[in-house]
Amino acid sequence: MVPRYTVYIFIILFSILFAGWAQISENVLLKVKTDKADSIITNGIKNKAFPGAQILVAVKGNVVFHKTYGFHTYDSLLPVQKTDFYDLASLTKILGPLPLLMKLVEEERLDLDAPFSKYWPSWRNQKDKKGITLREILSHQAGLTPYIVFLNEVLDKEGLKHRFIREKPDRRFQSQAYEDIWVRNTFENRIFRRIKHSKVSEKKEYVYSGLAFLLFPKLIEDLTGNSYSYMLKKEFLFPLNIPSLGYLPEKKGFPNPIIPTEFDTLYRKTLVQGWVHDENASLFGGISGNAGLFGTARDLYRFMQMYQNYGELDGQRYLSEETVKEFTRVQYPENNNRRGLGFDKPLLDNAQKAIAEAYPAPSASAESFGHSGFTGTFVWADPKYQLVFIFLSNRVYPSRNHRQLYELNIRTSLHQLFYEYLEQQ
């Protein structure tokens with residue numbers, strides 16, 4: 001008969017050996033995925049999809065992969081670092097105004113199904129807009145005009161119009177769009193009027209429009225009595241311990257290098273770096289609801305992890321579970337609209353698609369959500385698999401005409417790699 005203590009020792013040794021083998025297997029598996037990720041990114045750099053990039057992946061709240069590639073520009077002078085600031089472009093929508101709107105909804109200061117004109121009075125006399133709800137707007141089901149190039153308002157054949165733009169600030173020109181570009185204080189109202197009189201489609205179907213996100217910061221200020229930037233810092237950025245996420249990084253004095261975006265030959269006539277790339281956001285002085293936030297991969301990870309946890313992070317609750325679940329569910333599937341409220345969602349038949357046609361990765365669950373940014377940024381959270389995926393690049397360098405990021409299917413291929421990592425564990 002084997003002594004009992006011998007059995008115990010055997011069990012302990014077996015457990016240690018098994019745990020060690022499992023760890024080695026997991027490390028080998030992750031190494032395989034790392035090699036594949038390296039290959040995809042290297043091919044992207046070779047084909048001028050971007051000069052550099054970085055990936056951060058977290059599983060069950062733990063960062064399992066964070067790696068940088070390439071350089072800030074194609075001259076290969078400054079390598080990409082994990083602490084670099086990126087122009088987040090449209091990721092701003094789900095990291096800036098959206099969480100504040102979510103909080104106002106759960107506090108019953110906003111009603112998703114009431115006419116938006118209840119809160120935005122200038123729409124009350126607009127026949128085509130007075131009945132549109134916030135739910136329709138946030139899910140891109142309202143029929144709003146997709147985009148208006150407000151830069152056309154300040155440009156003519158001779159250059160920037162002196163009526164709207166000055167090279168130095170004065171009492172009437174206090175909004176800074178770039179180093180030597182100051183916008184007239186009242187130009188914001190001109191933008192609001194253009195949106196007010198913009199066309200609304202009679203056909204209620206999914207058409208992406210970012211126009212309302214230009215209104216949301218002012219709406220938030222009207223409802224709270226505080227500045228939009230202050231509310232964002234107070235409710236989310238500082239409590240989440242991500243003070244580096246924010247607007248106007250050049251004015252904050254952080255030591256982090258800032259990734260450049262595009263050589264602007266029309267408006268700023270230089271390489272845009274440290275100032276928002278999006279022209280509409282720049283005409284708001286760089287603080288807008290559609291673009292303007294800058295941040296690091298770590299900043300994005302903490303925010304998206306909070307969303308993935310349905311409003312909670314590190315034992316602190318920022319939003320109710322009910323609110324986050326409502327905003328991250330598909331709103332109008334019967335209209336072939338995949339969108340949540342502000343959040344992007346997988347294609348409705350995504351799981352059946354080949355990787356070249358899928359968005360995002362084919363293995364992403366129906367519960368997953370995220371957003372992409374024009375400058376080459378992408379974030380996605382999947383509560384079912386507890387997977388946060390972050391991809392950052394400056395694909396618009398040196399020109400926005402570079403579309404190899406999309407044509408080479410880089411983000412989807414990378415995203416799918418880490419689902420395969422989970423499936424093989």
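Which residue stands opposite Ile165 in β8? In this predicted model, the residue opposite Ile165 is Val183. The two strands concerned, β6 and strand β8 (residues 181–183), run antiparallel and are joined by 2 bridges. They belong to an open sheet of 3 strands, arranged in the order β6-β8-β7 with antiparallel pairing. The edges of this sheet are taken by β6 (165–166) and β7 (175–178); each has a single partner strand, so one side of each has no neighbour in the sheet. As a general matter, the strands of a sheet pair through backbone hydrogen bonds, in either a parallel or an antiparallel manner.

A further set of paired strands centres on β1. Strand β1 covers residues 52–59, and 8 of its 8 residues are buried. In a regular strand, side chains alternate between the two faces of the sheet. For β1, one side carries Gly52, Gln54, Leu56 and Ala58, while the other carries Ala53, Ile55, Val57 and Val59, and the residues on both sides are all buried. Both faces of β1 are thus covered.

Strand β1 pairs with β2 (residues 62–70) in the antiparallel sense, over 8 bridges. Within this pairing, Ala58 has Val63 of β2 as its bridge partner. The hairpin formed by β1 and β2 has 2 residues between the strands, and Lys60 in this hairpin takes a positive phi near 55°. Strand β1 also pairs with β16 (residues 387–393), again in the antiparallel sense, here over 7 bridges. The bridge partner of Val59 in β16 is Leu387.

Leu387 leads on to the nonpolar interior, as it is among the members of a core described below. In soluble globular proteins, nonpolar side chains tend to be buried together. The largest nonpolar core of this model has 89 residues, of which Leu138, Phe216 and Phe303 touch the most other members. Helix α7 (residues 211–224) gives the most to this core, contributing 8 residues. Apart from this core lies another, of 26 residues, which includes Ile41, Leu387, Tyr421 and Leu422. What does Phe216 contact, leaving aside its neighbours within four places in sequence? Phe216 is in contact with Pro97, Leu101, Phe116, Leu134, Ile137 and Leu138.

Pro97 also takes part in a packing of two helices. Two packed helices are described by the angle between their axes and by the distance between those axes. Helix α3 (residues 97–106) packs with α8 at an angle of about 75°, and their axes are 10 Å apart. Because of this angle, α3 is roughly perpendicular to α8. On the side of α3, the contact is made by Pro97, Pro99, Leu100 and Lys103; on the side of α8, by Tyr228, Met231, Leu232, Glu235 and Phe236. By class, this contact of α3 with α8 comprises 7 nonpolar residues, no polar residues and 2 charged residues.

Another site to examine is Thr377, which is found in strand β15 (residues 377–382). Is Thr377 buried or exposed? Its relative accessibility is 0%, and Thr377 therefore counts as buried. Not counting residues up to four places away in sequence, Thr377 touches Asp87, Leu88, Leu91, Ser372, Phe391, Leu392, Ser393 and Arg411.

The backbone also merits attention. Most residues other than glycine have a negative phi, and most peptide bonds are trans. Asn241 has a phi near 60°, a positive value in a residue other than glycine. Asn241 is found in the loop between α8 (228–237) and β9 (263–264), and with a relative accessible area of 45% it is partly exposed. Tyr310 likewise has a positive phi, near 55°. The position of Tyr310 is in the loop between α10 (297–308) and β12 (312–313); at 18% relative accessibility, Tyr310 counts as buried, because the limit for that class is under 20%.

Cis peptide bonds are the remaining topic. One of them joins Tyr359 and Pro360, with omega about -10°. Pro360 has its place in the loop between α11 (321–327) and β14 (369–373). The peptide bond from Tyr397 to Pro398 is also cis, with omega near -5°. Pro398 is found in the loop between β16 and α12 (404–407), and β16 is a strand that pairs with β1.

Conventions
Residues numbered from 1 in each chain as written. Predicted model: local features only at pLDDT ≥ 70, side-chain atom pairs only at ≥ 80, totals over all residues. Heavy atoms only, no water. Buried < 20%, exposed > 50% of the residue type's maximum accessible area, 1.4 Å probe, protein only. Helix = DSSP H or I, 4+ residues; strand = E, 2+ residues; numbered from the N terminus. Pairing = 2+ DSSP bridges. Contact = heavy atoms within 4.5 Å. Core = buried A, V, L, I, M, F, W, Y, C linked by side-chain atoms within 4.5 Å. Axes fitted to C-alpha atoms, helices over the stretch in contact; angles between N-to-C directions. Parallel < 35°, antiparallel > 145°, perpendicular 65-115°, else oblique. Nonpolar A, V, L, I, M, F, W, Y, C, P; charged D, E, K, R; others polar.
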